[in-house]
Structure formats: C-alpha cells, structure tokens
Amino acid sequence: MKEAQEYFEECRTAALKGDANAQNELGGFYEGGDGVAEDLAESLKWYAKASEQGHAEAQFSLGYFYQQGLGVEINRAETVKWYRKSAEQGYVLAEYNLGVHYQEGLGVAVNYAEAVKWFRRAAEQGYSEAQYSLGYCNERGLGVKPNINEAIKWYRKIAARYDSRAQFALGLFYEQGNGVSQDNEKALKWFRKAAEHGHKGAQYRLGVVLNAEAVRWYTEAALNGNQGAQHNLGSCYFHGIGVDKDEVEAFRWWREAAEQRDAAEYGCESECCCR
C-alpha cells in the first residue's frame, strides 16, 4: 500500500511538471481508485493533458470517456476525434473502436470501407475482435468485395483461440461447402467446439447435423432389416427429425418394423412347438 502511494506521489509530481507518461498514469490512478479515491473528472483532466501531448494510450482513454460519459457528457464527435488520433499512432484498441464507429455510424456517417481499413490495421496486430469483424466484412461484402477465402483466413485465426462465433461460421462453411469442400465431419467438429463455448446457433446446428447423421445410419440398418432402426427411422420421418416430415414414409417404416416383429413372434412360437 505504501509503495502504491509513493508511486502515485511520484507520478503526480512528474505529471505537474508536464510528463505525458506520468499524466497518463495519474489518469489511470483516478479512474481505478488505485491508491486514491476514484475521481472520473480528475481522471479525465489528466488523460486530456497527456492526450494534448500526443500520448496514444491517453488519447484512447479520453475517447472512451467521451463514448461512455465518464466524468463528462457523452460526445460522439469528441470520441471519434480522440480515437482517430490514437489509431493514427497504431494504438490497437483505438483502431478497432474507430472501425466500429464507422461500421455503425456513431459520430460519423456509416462507411464500411473505412471500417474495414481500421479493422485490418487492428487485425494485423493480432486483435481478436478486429479479426472477427474483418472476417465478417469479407464474408458479407461490407466495404470490400465478398471474399470467402479471406473470411475463412481471419475466422481460422480466432477459431483456434476459442472464438465461438468464428467456430460457428467455419462449421457453416463446411456444412454448405462454401469456400471449402463440403465436409460434414469438419462441420460437426466446428459446431461442437462452438457449442461447447455456449454458441446457441452452433448448439442448434449440432443437433441438426447429429440427427441427419442418425437418420443416415438408421436407414442403413433399416434396409438391412433391423427392426429397431426401422421403428426409429419411421419416428424421424413422422416428426421431421433429421429429414423432411413425411408421414407416408413414416408409416412405411413402421409397417416394416411391425412385420419384422410379427415374423419374429411367429418364428419363436413355431420353434417352441417343435421342442
């Protein structure tokens, strides 16, 4: 506690002498209430002083304060102004947030090409959210021509880092054969990964794929005369599970199962009589 207080006093002394790094640090102290009572207005003041000296991190923080209304009223124009200054110095969070503002038209007119520009800069620095957004823009053709291969490239990067949105997108690509060879096993792999991370869409598609896979094997077994498979296949057709609903086909397989059952019962009685 003493060390933190001493560091705070050192930062304050340096900040009062105009040191931009110390001013930024001091803004952080007041923002987080670390070694001093939280004071967002005071935090804003020091971030502003550091920002005016071109401190990229402080410029991002100042933009964020204006975005969220922390210690000041929300001001979209000021938000964009400071995010831009920070982003132009390569500060990754500012690059991404500036991209979001262009994508959603916050404080600026919607401009997908400009959004893609800033997403790309942040993505190339390894920022996951920007990589997903860049993949999404390439998939949907927002600000760029649709490019599935480019979308897959960026989705793969973050799917490996457990991003369920990217995992789900890859599952859909493999299920539909979109930009990759159609492969239900790989679709299942990605749906399962996304589902395990709580993605609702993936959980649903996983169920659909597994039901379709079940129908495939029920059909194989049913054609080979397995009574249980015939009964279950009939139920799948009757309820539309893994296949289009088809009551005629459902009753056909139930009839097959019933005939198998009757034959089995008759065979058992005959065998018993012969003993």
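1. A residue counts as buried when its relative accessible area is under 20%. By that cut-off, the buried residues of helix α3 are E42, S43, L44, W46, Y47, A50 and S51. The model is a predicted one, and the points below should be read with that in mind.

2. Helix α3 covers residues 40-52. Its 13 residues should span 18 Å at 1.5 Å a residue, and the end C-alpha atoms are 18 Å apart, so the span agrees with expectation. At the N-terminal end, D39 acts as the cap, with a side-chain oxygen 3.3 Å from the backbone nitrogen of A41. Just after the helix comes G54, with a positive phi of about 90 degrees.

3. E52 also belongs to α3. Its relative accessibility is 61%, which means that E52 counts as exposed, the threshold being over 50%. Between E52 and L206 there are 52 Å in space, C-alpha to C-alpha, and 154 residues in sequence.

4. Helix α2 takes in residues 20-32, 13 residues in total. From first C-alpha to last, α2 reaches 19 Å, close to the 18 Å expected at 1.5 Å a residue. Its start has a polar contact from D19, whose side-chain oxygen comes to within 3.0 Å of the backbone nitrogen of N21. After α2 comes G33, and the phi of G33 is positive, near 65 degrees.

5. The buried residues in α2 include the aromatic F29 and Y30, along with A20, A22, Q23, N24, L26 and G27. Both F29 and Y30 reappear in the ring cluster of point 7, which ring pairs build from Y7, F8, F29 and Y30.

6. There are 16 aromatic pairs in the structure. In one of them, F8 and F29, the ring centres are 5.4 Å apart and the planes stand at 85 degrees, so the pair is edge-to-face, a class that begins over 60 degrees. F8 sits in helix α1 (residues 2-16) and F29 in helix α2, so this pair ties together parts 21 residues apart in sequence. F8 and F29 are both buried.

7. A second pair, F168 with F191, is tilted, with 5.8 Å from centre to centre and 40 degrees between the planes. F168 is part of helix α10 (residues 164-176) and F191 of helix α11 (residues 184-196), so parts 23 residues apart in sequence are tied together. F168 and F191 are both buried. As for the cluster named in point 5, its members are Y7, F8, F29 and Y30, linked by ring pairs.

8. Two lysines are placed over tryptophan rings. K85 lies over the face of W82, 5.8 Å from the ring centre. The charged end of K193 sits over the ring of W190, at 5.9 Å from its centre. The cut-off for this contact is within 6 Å of the ring centre, and both distances should be read against it.

9. Q103 is located in helix α6 (residues 92-104). Its relative accessibility is 19%, so Q103 counts as buried, with the limit set at under 20%. Leaving aside residues up to four places away in sequence, Q103 touches V110, Y112, A115, F119 and C137.

Definitions and conventions
Residues are numbered from 1 along each chain as its sequence is written. This is a predicted model: local features need pLDDT of at least 70, side-chain atom pairs count only at pLDDT 80 or more; totals for chains, interfaces and linings use all residues. Side-chain values use heavy atoms; hydrogens and water are left out. Helices (H or I, at least four residues) and strands (E, at least two) are DSSP runs, numbered from the N terminus. The expected span of a helix is 1.5 Å times one less than its number of residues. Buried means under 20% relative accessible area, exposed over 50%, partly exposed in between (1.4 Å probe, protein chains only). A polar contact is a pair of N or O atoms within 3.5 Å; within protein, one must be able to donate a hydrogen and the other to accept it, and residues adjacent in sequence count only if both atoms are side-chain atoms. Rings of Phe, Tyr and Trp (its six-membered ring) pair if their centres lie within 6.5 Å; planes under 30 degrees apart count as stacked, over 60 as edge-to-face and the rest as tilted. A charge sits over a ring if NZ of Lys or CZ of Arg is within 6 Å of the ring centre and within 35 degrees of the ring normal. Contact means heavy atoms within 4.5 Å.
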